[in-house]
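Trainee: I would like to learn how to read a structure I have not met before. Could you take me through it feature by feature?

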Amino acid sequence: MNIVFFSAKKYDQESFETINKHYGFELRFFDIHLNAETAPVAAGADAVCVFVNDQLDEACLTALAAQNISLVLLRCAGFNQVDRAAAQRLGITIARVPAYAPEGVAEHAVGLILALNRKLCKAHSRVRETNFSLDGLQGFNLHGCPVGVVGTGKIGAAFCRIMLGFGCDVYAFDTMPDSALIALGVKYISCNELFTSARIISLHCPLVPETYHIINNEALGLMPHGVMLINTSRGGLIDTPAVIQHLKTGQVGYLGLDVYEEEGNLFFNDESEHILQDDVFARLLTFPNVLITGHQAFLTREALHNIGETTLNNAKLEFNGKNCGNRLPI
Ligand code: NAI
């Protein structure tokens, strides 16, 4: 069986080729996004394997179906990039990797918090220049700090456990509260209550119509002055121009992002030789209290192994006419 990979990086190829020794599929790797125009690259494939910024809209899925490709393997958990209704209509099965290393993503969110709070990037640059001044490096104790978590699924729950370990007061909002977290001391409150009471807010809900721009002008207006916002989930959860306005007034005191709404044109590529065309992103880069990583929260050794193993097992089961158990809900 033949699987064509889109948006494939060196680390994807190395990981999948190692794991594929136990599966024996024919794998072809391309470092281009999948969309309606690039779909013909998959000619002859039995399945395509894609990542977070491949656009599985109706046009792209139609182009795949025209080549008799009826299996799409997402090597990620989120599936906001998929037109599920179109896939169902076209008879295309979409399988994903629902959990590969939730702790790793949560740990990255905590890394952003620590780096922003204790100004680690600035401190590192100063020490490299033998500037040992501490002016402007003051942080605050996480112990006793009210932390709000939006979405307490696998990643949000791991994040809650870490923050409880720091001695934070952890508040959460989720449409399906987790009794195990309540037993650990997490307090579920409404979304607006969370926005008004937390000094650090970390987003771990999926991007769905109900959560699109959940951080907007209105929500930002509810938050305490100087709030820290962390988003390792999906860029579309945040209305970025609104956050920029609130960064300018100091209402948002810290912003840590691993995802960005328009990241599809930027992230995962070396753009250092090109002129940055995205003025919103360029403005974000000017703030000393904004820390951005390029969608790397997932990137741990354990995650790559789990992604490869689950994806190829999904392929094996589906090629054998079985439901792999990781199909997207309709
Ligand atoms: P999950 O499905 O285990 O948890 C999502 C949680 O959000 C669930 O508890 C669900 O009830 C809750 N939720 C759904 N709608 C909600 C709403 N309207 N308001 C509040 N809560 C709501 O997902 P998991 O594995 O924890 O992943 C969360 C997100 O993290 C994914 O959707 C994905 O976008 C993102 N992600 C980012 C990665 C990165 O590298 N930056 C890597 C992996 C996932």
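Mentor: We will go through the domains, the two sheets, the helices on them and two unusual backbone angles, bearing in mind that this is a predicted model.

Trainee: Then let us begin with the overall layout: which domains does the domain assignment give for the protein chain?

Mentor: The assignment divides the chain into domain 1, made of residues 2-100 + 300-319, and domain 2, made of residues 102-292. The C-alpha centres of domain 1 and domain 2 lie 30 Å apart, and the contact draws on 13 residues from domain 1 and nine residues from domain 2.

Trainee: How is such a contact described, and how much area do domain 1 and domain 2 bury between them?

Mentor: The size of an interface is often given as the accessible area lost when the parts come together. Here domain 1 and domain 2 bury about 920 Å² between them, with 55% of it on carbon and sulfur atoms. On the domain 1 side, Lys9, Asn53 and Asn80 supply 43% of the area buried against domain 2, which is more than any other three residues give.

Trainee: Turning to the sheets, what is the strand order in the open sheet of five strands?

Mentor: The order is E2-E1-E3-E4-E5, with parallel pairing, and the edge strands are E2 and E5 (93-95), each of which pairs on one side only. Neighbouring strands of this sheet are turned by 20° against each other on average, if direction is ignored.

Trainee: Which way do the side chains of strand E1 point, and are they buried or exposed?

Mentor: In a regular strand the side chains alternate between the two faces of the sheet. In E1 (residues 2-5), Asn2 and Val4 point one way while Ile3 and Phe5 point the other way, and all of them are buried. E1 pairs in the parallel sense with E2 (residues 26-29) over four bridges, and Ile3 stands opposite Leu27 in E2. Between these two strands the chain passes through helix H1 (residues 10-19), a β-α-β crossover that is right-handed. E1 is also joined by three bridges to E3 (residues 47-50), running parallel, where Phe5 stands opposite Cys49.

Trainee: Where do the helices H1 and H12 lie on these strands?

Mentor: H1 packs on the sheet and touches E1, E2 and E3, its direction making about 175° with that of E2. Helix H12 (residues 301-319) lies across E1, E3, E4 and E5, and runs at about 160° to E4.

Trainee: And what is the order in the open sheet of seven strands?

Mentor: That order is E8-E7-E6-E9-E10-E11-E12, again with parallel pairing, and its edge strands are E8 (187-188) and E12 (290-292). Two bridges join E7 (residues 169-173) to E8, with Lys187 of E8 as the bridge partner of Tyr171. Helix H10 (residues 240-249) packs on this sheet, touching E10, E11 and E12, and its direction makes about 140° with that of E11.

Trainee: Finally, which residue in the loop between E9 and H9 should I look at, and what is its phi?

Mentor: Most residues other than glycine have a negative phi, and most peptide bonds are trans. His213, in the loop between E9 (200-203) and H9 (217-222), has a positive phi of about 50° although it is not a glycine. His213 counts as buried because its relative accessibility is 17%, and the cut-off for buried is under 20%. Phe268 also has a positive phi, near 75°, and lies in the loop between E11 and H11 (279-285).

Terms used
Residues are numbered from 1 along each chain as its sequence is written. This is a predicted model: local features need pLDDT of at least 70, side-chain atom pairs count only at pLDDT 80 or more; totals for chains, interfaces and linings use all residues. Side-chain values use heavy atoms; hydrogens and water are left out. Buried means under 20% relative accessible area, exposed over 50%, partly exposed in between (1.4 Å probe, protein chains only). Two strands pair if DSSP finds at least two bridges between them. A crossover is right-handed if, with the strands pointing away from the viewer, the path from the first strand over the helix to the second runs clockwise. Contact means heavy atoms within 4.5 Å. Axes are lines fitted to C-alpha atoms, for helices over the stretch in contact, and angles run from 0 to 180 degrees between N-to-C directions. Domain bounds come from an automatic or database domain assignment. Buried area is the accessible area (1.4 Å probe) that two parts lose on being put together, summed over both.
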